[in-house]
Amino acid sequence: MESKRARLDRFISVKTGVSKKNVRVLLAKGQVLVDGEIARDIDLIIDEFSHVTIDGQILQACQPSYVMLHKPIGVVSATVDDKHKTVIDLLDRDDKHSLHIVGRLDLNTSGLLLLTNDGRWSKKLMSPEHKVGKLYRVQLQNPIDESYIAAFANGMYFEYEDITTLPAKLEIVDDHTALVTLMEGRYHQIKRMFGRFRNPVIGLHRISVGAITLDADLSVGASRDLTADEVLNA
Ligand code: URA
């Protein structure tokens, strides 16, 4: 995602059409407030959530939002869709159309879905370099055995993308149930990994993303704002 950070003089100039030279005059006169403080430094870096006013007029006032949704099966992880209800349709909040999805889930996958308008936060959670674990409960059609553990840990070569999956952790819960932790989110990754064993996934549910765990009492289709702690420590 493109960075939304800009130097203060450029930011004001682009937003208002006022030349940078005249922006400097506004700054020198103390007419610009950033997050409630008089701003005089043209080098101040502004991001999409900086609150900026000129002579008391709001130039930008966008609050960051971070949402946990219990995604139901049958609802599509997209912001618009012709055929299915989308996860955005499930939200009841004014800013819902400004949110994007942090790591999609398939139509028939349920569980924790995060949404935000903060591109830097979502990038951090989703980029494989940050090694944020995504934990899934997987129901299989056929019995599983210990050989799956090494295969997931060693990674699997996906010819279509020409990549080998990062080491993934698989724990056997019972004959037909596994807990899988992925550090990335390739297309249909879990289904394709079990597909190597010709073992169809018949149920898939995301339990957590990093330190954020779906509330046990958040009903299917319901959502809530993340706490400041969840946002910081995700
Ligand atoms: N892996 C899948 O196959 N589907 C998901 O929705 C998530 C991970």
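1. Let us start at the ligand: how many nonpolar, polar and charged residues does the shell around the ligand have? Counted by class, there are four nonpolar residues, three polar ones and two charged ones. Please keep in mind as you read that this is a predicted model.

2. Now for the names. The residues that surround the ligand are Leu 105, Asp 106, Thr 109, Tyr 136, His 188, Gln 189, Ile 190, Lys 191 and Leu 204. Try finding each of them in the structure above. Helix H5, which covers residues 189-195, makes the biggest contribution to this shell, with three residues.

3. Next, look at individual atoms. Asp 106 uses its side chain: an N or O atom there is 2.7 Å from a nitrogen atom of the ligand. His 188 takes part through its backbone, where an N or O atom lies 3.3 Å from an oxygen atom of the ligand. Ile 190 also takes part through a backbone N or O atom, and this one is 3.1 Å from a nitrogen atom of the ligand. Of the 240 Å² of accessible area that the ligand has on its own, the protein covers 95%.

4. Where does the ligand sit in terms of pockets? The space that the ligand takes up is the largest pocket.

5. Strand E15 deserves a slow look. With strand E9 (residues 109-116), strand E15 (residues 201-209) runs parallel, and three bridges join the two. One pair to find is Thr 109 and its bridge partner in E15, Leu 204. You have met both names already, since Thr 109 and Leu 204 are among the residues surrounding the ligand.

6. E15 also pairs with strand E10 (residues 134-140), this time in the antiparallel sense and over seven bridges. Here Gln 139 stands opposite Gly 203 of E15. As background, strands of a sheet pair through backbone hydrogen bonds, and they do this either parallel or antiparallel.

7. A further partner of E15 is strand E16 (residues 212-213), which runs antiparallel to E15 and is joined to it by two bridges. Ser 208 stands opposite Thr 213 of E16. The two strands make a hairpin with two residues between them, and Gly 210 in this hairpin takes a positive phi near 55°.

8. There is another hairpin to compare by eye. Strands E13 (residues 169-174) and E14 (residues 177-182) are paired in the antiparallel sense over five bridges. Asp 174 stands opposite Thr 177 of E14, and two residues lie between the strands of this hairpin.

9. Now turn to a sheet of four strands. This sheet is open, its order is E3-E2-E5-E6, and its pairing is antiparallel. Why is one side of strand E3 (37-38) and of strand E6 (57-60) left without a neighbour in the sheet? Both strands stand at the edges and each has a single partner strand, so there is no neighbour on the other side.

10. Within that sheet, E6 is joined to strand E5 (residues 52-54) by three bridges, and the two run antiparallel. To locate this pairing, look for Thr 53, whose bridge partner in E6 is Ile 58.

11. Finally, two loop residues are worth checking. Asp 35 has a positive phi of about 50°, although it is not a glycine. Asp 35 is placed in the loop between strand E2 (32-34) and E3. Asp 162, which is not a glycine either, has a positive phi of about 55°. You will find Asp 162 in the loop between strand E11 (157-158) and strand E12 (163-164).

Technical notes:
Residues are numbered from 1 along each chain as its sequence is written. This is a predicted model: local features need pLDDT of at least 70, side-chain atom pairs count only at pLDDT 80 or more; totals for chains, interfaces and linings use all residues. Side-chain values use heavy atoms; hydrogens and water are left out. A residue is near a molecule or strand if one of its heavy atoms lies within 4 Å of it. A polar contact is a pair of N or O atoms within 3.5 Å; within protein, one must be able to donate a hydrogen and the other to accept it, and residues adjacent in sequence count only if both atoms are side-chain atoms. Accessible areas come from the Shrake-Rupley method with a 1.4 Å probe; for residues, only the protein chains shown count as cover. On a 1 Å grid over the protein atoms alone, a cavity is a set of points where a 1.4 Å probe fits but cannot get out, and a pocket is an open set with protein on both sides within 12 Å along at least five of seven lines; lining residues have an atom within 4 Å of a point. A molecule sits in a cavity or pocket if more than half of its atoms lie within 2 Å of its grid points. Ala, Val, Leu, Ile, Met, Phe, Trp, Tyr, Cys and Pro count as nonpolar, Asp, Glu, Lys and Arg as charged, and the others, Gly among them, as polar. Two strands pair if DSSP finds at least two bridges between them.
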